[in-house]
Amino acid sequence: MTISKPLGRQTEKLTTGTQAVAQAVKLADVDVMAAYPIRPYDGVMQAVAKLIADGELDAEYIVAESEHSQFEICKHASAVGSRVFVGSSGVGWMYAMESNAVTPSLRLPVVAMIGNRALDDPGAFGVEHNDAMAVRDLGWLLFWVEDAQECFDATLMAYRVGEDKRVFLPVGLGVDGAFITHSQTLIKIPDQETVNEFLPPYDLGERLLHPDNPISIAPQANEDWVMEIRKQTDDAAKRVKGVIREAHDDFRRLFGRGGDNPFFEEYMTEDAEYVLFGMGSLGLPAKVMVRRLRDRGEKVGFVRLKWFRPFPDEELAEVLGRFRAVGVVDRDYAYGSPQHGGVLFTDLRAALYDAERRPRVVNFIGGLGGRELTPEMMDEMAYITKRAAAGETVPTVSWIGVRE
Amino acid sequence: MSSGTEANTPPVAQDSAAGRSSTEVREEAKSVEFTYRGIYQKTLAANLCKHVVMAARKRDWLGSTIQRYGDSPERNGVPAKQFAVIAPDEMRLQEHMAKYEPNELDVITVLDDTLCDGVESWAFYGRQPINLRLRRGGTLLVISNRSAEELLKVIPRKPWDWTLAILPGTPSLGGLWVYRDDGTDMRVLGAIARTRPDIFEFSAVESVVNEDEKLGEEHLAALRDGYEEVVIHEVAAGVGKEDDYEPVRLPGYKEMREGIIVEARKLGERNPDYKTSSDRTMRPVVNFDTCIKCRQCWLDCPDECFDITEEGFHPVNYDYCTGCGICAQVCPVEDCIVMVNDLEFIEEGNEDVFPMWKEDKEAYHRWREEKIANGRIEHHDYFNADTWAWSGGKQADRTS
């Protein structure tokens, strides 16, 4: 990976993932935030409130009476030209689903932090990715972050990509509860000037809802209209990858971070024979596992997906085709799906179907409800993937770390 | 246990250092735990973790802090933990961070001495020893006005030598919802610098405080006070309370009932799996002779911990009492229910004291009066107007 020298001044700060998001919200100069508390999202609600109280950010901060209203408020504020920030977790996010489901069709670039949380019952705070994944087919762009630094970086990236005129789609940031939201690490924060260079002001243009620009949004429509509306969103979704590439190049040039590939990160894959593949905070134990096994001569690597929507199918097919086997780690479940595997697994298999070189793809379901994925569990997954690479018979889907 | 060593000769970390040079040991990642009371000390623990990392940063180390997520520290008094991990470089930091909760702690800091009796953030875990994950040669730092002998009656023994550092003072419970600075964080940092300079030197944390414009002379004074006042005791292997902790065996998915169902109890029975007494810093002591049997305590107790006897009295089942003090507030008879610091009951544990009263009323009253004289608590410290209560290491006057 080549790292260029960042422009401008960067300051170091010890922050949690949610505090890092709040720092980016401040530098993005967000106009409206609507809040309703639920763990682990609520950390960002506290952090932004503190920035406003301390006079560091001038924004409307609206505490709603539910998540449903919270997301409606931001959707509407976005339509009148405000840059908005919103978020939730688990069942709170699901309660807002009526609003979430229509935001992409309205082509409003709402940015939401989804502090990933199990869908309770049972009452549980821990991470699972099923909450954010509920919008995966609806037009939301979804990015999964690895650590507090990426919380900051991806928030700026979300505004830049979502508000691009070729896109105008909402963006969800998947932030693993506890592992990222509740641990503090040192991050680098750029200055306002450099952020301004990366992120132009939010401009809806002729779609701005304003008395001087008489338009009406989302009237009743019948079958004569709906399919064309869907096709517009489909076209926009197809344009996103190009916009991400541009934004990523600018990001690296200005901030000196982000790696070579805008869509996923490859870790020690150069001569790898098999790799694990996953999203979010599992990058940390996975990398520790790869280093340990490499010391023992194993040709193992790790690929971490950043953008889950749009799914970088062609890019992944090209890279993963180099390996004999890929072990997909799902921090989610998809009951009754093909092979009873996870969501990521099923998507990746579909993406590789037309590829010239297809690795074997096996699946691991683990870390549900906030359970840790330890380096030792990663060892176990790497071992099964290695056996798959050698052509041995292994289960297509394995649950890791579940008590029998 | 050896006698307390001179405070100005900090012990060398007796790590499991066999076969390694002192430089190697010094360059290892370090983990510091802060065990605290939910809500009251949440911000205090967070402040401490942050300062450990910032002090380590002064020698170009990296660090991270972790709030143990499953604790739900938003519940008043619940034992909870935060960790600071520091390491000389990114690779070694990642090795440690890859395991969310550190397996071995170099320092465990106990922000309220009533936690020494064991911690139980979720009732089904069982009461875990305060020093469960203290590594060989590690340091347990406690804020307390009690002696090492007293504390070692509740702190379990270890199979190796370790260090008990006592920072004289009243545990600060001054952070209910809004954090109130009483200098405790500074004193604890000073004490860590004294006992474990391998974590950070005094000069490092001093310069962190100097550079923080929100902190002033009084904070520097508190930092120095902690450094000077901490008393260090070397504890030999085998000294301390018998360790009877057994890790809980959790059932597999084939054993569990489907549909997220757990066993409950019939009316009138208590659930032996949901005991909450480690949330407690103080407990009610009842005078059965002045009790008018009005049942207010029984009615208002949020944890339903009052039993009913044939005579119509209400003894406390201390296994279920969280020490909230509501019973003492609603009791209409003066001093019939009095709240007393929980560490006064090391001998009694959670035993029912009603049989003692039935058997020998005079002995019961002597016992009761002694407990009240030693440890009466009129109210939690968050009502205490004297925010810098540690001053001179003396307990603040609670009755004012």
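Two strands are taken here as paired if DSSP finds at least two bridges between them. With that in mind, and remembering that this is a predicted model, begin the tour at the boundary between the two chains.

**Where the strands meet**

Select strand 8 of chain A together with strand 2 of chain B, residues 62-67; the two run antiparallel and are joined by three bridges. Within this pairing, pick out Gln184(A), which stands opposite Thr65(B) in strand 2 of chain B.

**The wider interface**

Next, widen the selection to the whole interface, where 27 residues of chain A are in contact with 30 residues of chain B. Between them the two chains bury about 2,600 Å², and 58% of that area is on carbon and sulfur atoms. On the chain A side, colour Leu284(A), Arg403(A) and Glu404(A), since these residues lose the most area to chain B and together account for 22% of what that side buries.

Polar links also cross this boundary: ten residue pairs are in polar contact, both residues of each pair being at pLDDT 80 or more. As for the elements that supply the chain A side, strand 1 (10-16), strand 8 (183-190) and helix 10 (283-295) of chain A each give at least two residues. Helix 10 of chain A gives the most, with five residues. Sorted by class, the side of chain A that touches chain B has 13 nonpolar, six polar and eight charged residues.

Side chains of opposite charge can pair when their charged atoms come close. Between chain A and chain B the count is four salt bridges. To look at such a link, select Lys99(B) and Glu372(A), whose side chains meet in a salt bridge with an N to O distance of 3.4 Å.

**A salt bridge inside chain A**

Over all chains, a search of the whole structure finds 62 salt bridges. Among them is the one in which the side chains of Arg331(A) and Asp176(A) meet, at 3.8 Å from N to O. This pair links distant parts of the chain, 155 residues apart: Arg331(A) is in the loop between strand 13 (325-330) and helix 12 (343-352) of chain A, while Asp176(A) is in strand 7 (residues 171-176) of chain A.

**An aromatic pair in chain B**

Turn now to the rings, for which the count comes to 19 aromatic pairs over all chains. Select Phe288(B) and Tyr364(B), which form a tilted pair, 5.8 Å centre to centre and with 45° between the planes. Phe288(B) lies in the loop between strand 8 (282-286) and helix 8 (296-300) of chain B, and Tyr364(B) lies in helix 11 (residues 361-375) of chain B, so the pair ties together parts that are 76 residues apart in sequence.

**Backbone details in chain A**

Most residues other than glycine have a negative phi, and most peptide bonds are trans. Against that background, show the backbone at Asp121(A) and Pro122(A), which are joined by a cis peptide bond with omega about -5°. Pro122(A) is found in the loop between strand 5 (111-116) and helix 6 (130-133) of chain A.

Another cis peptide bond joins Arg309(A) and Pro310(A), with omega about 0°, and Pro310(A) lies in the loop between strand 12 (307-309) and helix 11 (313-320) of chain A.

Finish at Phe168(A), which has a positive phi of about 45° although it is not a glycine; Phe168(A) lies in the loop between helix 7 (148-162) and strand 7 of chain A.

Definitions and conventions
Residues are numbered from 1 along each chain as its sequence is written. Chains are lettered from A and ligands numbered from 1 in the order in which they are written. This is a predicted model: local features need pLDDT of at least 70, side-chain atom pairs count only at pLDDT 80 or more; totals for chains, interfaces and linings use all residues. Side-chain values use heavy atoms; hydrogens and water are left out. Contact means heavy atoms within 4.5 Å. Buried area is the accessible area (1.4 Å probe) that two parts lose on being put together, summed over both. A polar contact is a pair of N or O atoms within 3.5 Å; within protein, one must be able to donate a hydrogen and the other to accept it, and residues adjacent in sequence count only if both atoms are side-chain atoms. Helices (H or I, at least four residues) and strands (E, at least two) are DSSP runs, numbered from the N terminus. Ala, Val, Leu, Ile, Met, Phe, Trp, Tyr, Cys and Pro count as nonpolar, Asp, Glu, Lys and Arg as charged, and the others, Gly among them, as polar. Rings of Phe, Tyr and Trp (its six-membered ring) pair if their centres lie within 6.5 Å; planes under 30 degrees apart count as stacked, over 60 as edge-to-face and the rest as tilted.
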